[in-house]
Amino acid sequence: MMPTRRNDRPVALAGASRRVSLAEPAVMGVLNITPDSFSDGGRYIEVEAAVERALAMVEQGAAIVDIGGESTRPGATPVSSQAELARVLPVVEALRAESPVFISVDTSNPEVIRAVCESGADMINDIRGLSRPKALEAVVAADAAACVMHMQGAPANMQSAPVYADVVAEIRGYLAHRVAACRAAGMAPERIAVDPGFGFGKTLEHNLALLRAIGELGVEGHPVLMGVSRKSMFARLFGRDDMDARINGSLGAAFWATLQGVGIIRCHDVRRTVQMVALARHLMQG
Ligand code: 7PM
């Protein structure tokens, strides 16, 4: 397969009922829905607080809001579909009622995929690359977009001893495989984004090799999503683990990724990331 080149970048990502322009990198703001220890989710105040945070990110320039219950996070204990839905669904419904923003939901669970898409989600962001039975079919049935991500191992063990002969080639091959599976299941090409999965079964060296090659990691015609925001790779790289080190690394990576033609940048610090993208775009046009 051919690597994505800068001059044949996809112009948009299509979701269930709206599109995101990729004329410049779309900034995806991370909205973590933290589990509430004593409720089964859906409490009005918590839902309203999550929607407020989402709207603030949109105001700061996020084109996509990525809603995640902690259940898909590395090392998280698995939760039932019911518990995951109780956490995520009320936020999707409430945000959709208040904003036309492109909504992405982090999930691997086909029941959750079906329900959130019925409530107005546009895209499914699956760290397991839609590998669970019926996950791909649920995305196809909903006409939703998907981001398929690479992970070596499982969240519980993936960082113990990740090994690759050629990390860039292997991940490019995996992503091409998952795109082919999505296409074979009936997804339109404009609905599929790919992601090398920074930190998901990768050492610092692997992450740096992937970041260096981010402009050539893609599958032809599909946008690359980069998720490095605040990750421990920067703490390790700079030899200090504080929020400044993590954010500074994330912003530098966002600048580089924009120059390299990345389609979507997943981040926590939306305003700062939007500024990095704007500077890089100005320099590219000059
Ligand atoms: C603990 C460790 C908590 C890691 C959260 C994380 C990505 C993602 C995540 C990514 C896509 C984080 C990660 N990372 N989805 N979800 N790409 N597509 O730092 O890199 O947010 S969870």
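A salt bridge is taken here as a side-chain nitrogen of Lys or Arg lying within 4 Å of a carboxyl oxygen of Asp or Glu. In this predicted model, a search of the whole structure returns 10 such salt bridges.

One of them joins R18 to D122, whose closest N and O atoms are 2.9 Å apart. Because R18 sits in the loop between β1 (12-14) and β2 (19-21), while D122 sits in the loop between α3 (110-118) and β6 (123-126), this pair ties together parts that are 104 residues apart in sequence. The two partners can also be described by their accessibility: R18 counts as partly exposed at 22% relative accessibility, whereas D122, at 0%, counts as buried.

A further salt bridge is formed by the side chains of D66 and R266, at 3.0 Å from N to O. D66 belongs to strand β4 (residues 64-69) and R266 to strand β10, so the pair ties together parts that are 200 residues apart in sequence. Both D66 and R266 are buried. In the salt bridge between D241 and R246, the N to O distance is 2.8 Å; here D241 counts as exposed, with 56% relative accessibility, and R246 counts as buried, with 19%. Beyond these individual pairs, R18, R96 and D122 are joined into one network by salt bridges that share partners.

R266 also leads to the interior space of the model. The search of the whole structure finds 2 cavities of 30 Å³ or more, and the second largest holds about 70 Å³ of space. Its lining includes R266 together with, among others, M226, V228, I265, C267 and D269. The elements that give two or more residues to this lining are α8 (243-259) and β10 (264-267), and α8 gives the most, with 4 residues. By class, the lining of this second largest cavity is made up of 7 nonpolar, 3 polar and 2 charged residues.

C267, one of those lining residues, raises the matter of cysteine pairing. A disulfide is a covalent bond between the sulfur atoms of two cysteines. The structure holds 0 disulfides, and C267 is in none, the nearest cysteine sulfur, that of C147, being 14 Å away. Why does C147 not bond with C182? The C182 sulfur is the closest cysteine sulfur to that of C147, yet the distance of 9.9 Å is too far for a bond, given that a disulfide requires the two sulfur atoms to be within 2.5 Å. C147 is buried, with a relative accessible area of 0%, and C267 is likewise buried, at 3%.

Note on methods: Residues are numbered from 1 along each chain as its sequence is written. This is a predicted model: local features need pLDDT of at least 70, side-chain atom pairs count only at pLDDT 80 or more; totals for chains, interfaces and linings use all residues. Side-chain values use heavy atoms; hydrogens and water are left out. Buried means under 20% relative accessible area, exposed over 50%, partly exposed in between (1.4 Å probe, protein chains only). On a 1 Å grid over the protein atoms alone, a cavity is a set of points where a 1.4 Å probe fits but cannot get out, and a pocket is an open set with protein on both sides within 12 Å along at least five of seven lines; lining residues have an atom within 4 Å of a point. Grid points are joined across faces, edges and corners, and a volume is the space filled by probe spheres set on the points. Ala, Val, Leu, Ile, Met, Phe, Trp, Tyr, Cys and Pro count as nonpolar, Asp, Glu, Lys and Arg as charged, and the others, Gly among them, as polar.
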